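Here is a quick tour of the cysteines and the charged pairs in this protein. Have a look at the sequence and the model first, then read on.

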Amino acid sequence: MRLVLLGPPGAGKGTQAVHIARAFEVPRIATGDIFRENVRNETALGKEARSYMERGDLVPDDVVIGMVTDRLTQDDATKGFLLDGFPRTVPQAEALAELTQPKGIDLAVDLEVPTEIVLKRLASRRVCVDCGTNYSTDVPPKEGWTCDSCGGEVIQRRDDTEDAIRRRLEIYEHETAPLVAWFMERDMLVIVDGTGHPDTVTGRLVRAIDARRHV
Ligand code: AMP
């Protein structure tokens, strides 16, 4: 399966992508995680991406497309993949279509969550710097701010500040939301309700993807 997970920041893509990738036995490729790792390791790519990320802006298309092209040509991605956070612009979607020729993408899933819920989730979100597991101020790790899964430090993302959140939502509306129509026109889209308990949302996603797999 070659899958794309769409949805606004805070829709729960990161959390759901982990479960969906496991259920369909494909690697999860999260461009935001790859950028954050590069920023942490102070690589050339990280240095290039950092200022865009901290403002809540998009990293330029050519940089992101180059990075995803490298990642999709690695061995583990040949049997399929789940993209989380890519594409985010129409040129990125066009590059992805080109890159996956002739098979293309099987399905793009749009995780729909109302803006009020997204704002609340982003402000309370905390994340493990090592493995990316998400927590919140309402559901913190069991011991201090140490990740339950890997023991890493759990922090607030630098782009989960009020200004950067506002900027990311604006960009989502202008640049990324048009992709919903882009995938729909190509008959590659399914919309899934992203509200409710995370396990309920996972169940909806698995059913929606499975239904499409068997047509
Ligand atoms: P995320 O973790 O998906 O919210 O991504 C965090 C940040 O990484 C975004 O706000 C962008 O600055 C950058 N980023 C991640 N994916 C992309 C992409 N496909 N295109 C441009 N910038 C991206």
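## A helix pair: Arg 166 and Glu 162

At 45% relative accessibility, Arg 166 comes out as partly exposed; that label covers the range between buried (under 20% relative accessible area) and exposed (over 50%), using a 1.4 Å probe and protein chains only. Its partner Glu 162 counts as exposed, at 62%. The two side chains meet in a salt bridge, with 3.6 Å from N to O; the term stands for a side-chain nitrogen of Lys or Arg within 4 Å of a carboxyl oxygen of Asp or Glu. Both residues sit in helix H7, 4 residues apart, which is about one turn of the helix. Helices (H or I, at least four residues) and strands (E, at least two) are DSSP runs, numbered from the N terminus.

## What you're looking at

This is a predicted model, where local features need pLDDT of at least 70 and side-chain atom pairs count only at pLDDT 80 or more, while totals for chains, interfaces and linings use all residues. Residues are numbered from 1 along each chain as its sequence is written, and side-chain values use heavy atoms, leaving out hydrogens and water.

## Other salt bridges

How many salt bridges are there by this rule? The count comes to 19. One of them joins Arg 158 to Glu 54, with the closest N and O atoms 2.8 Å apart. Arg 158 is in the loop between strand E7 (154-155) and helix H7 (162-176), and Glu 54 is in helix H3 (residues 44-55), so this pair ties together parts that are 104 residues apart in sequence. Arg 158 is exposed at 57% relative accessibility, and Glu 54 is partly exposed at 30%.

Then there's Arg 168, which pairs with Asp 159 at 3.8 Å, N to O. Here Arg 168 is buried, at 9% relative accessible area, and Asp 159 is buried too, at 10%. These two also belong to a network of salt bridges that links Arg 125, Arg 157, Asp 159, Asp 160 and Arg 168.

## The cysteines

Now for the sulfurs. A disulfide here is a pair of cysteine sulfur atoms within 2.5 Å, and the count by that rule is 0. Cys 128 is in no disulfide, and the nearest cysteine sulfur, in Cys 150, is 3.6 Å away.

Why does Cys 150 not bond to Cys 128? Their sulfurs are 3.6 Å apart, which is too far for a bond. Is each one buried or exposed? Cys 128 is buried, at 3% relative accessible area, whereas Cys 150 is partly exposed, at 40%.
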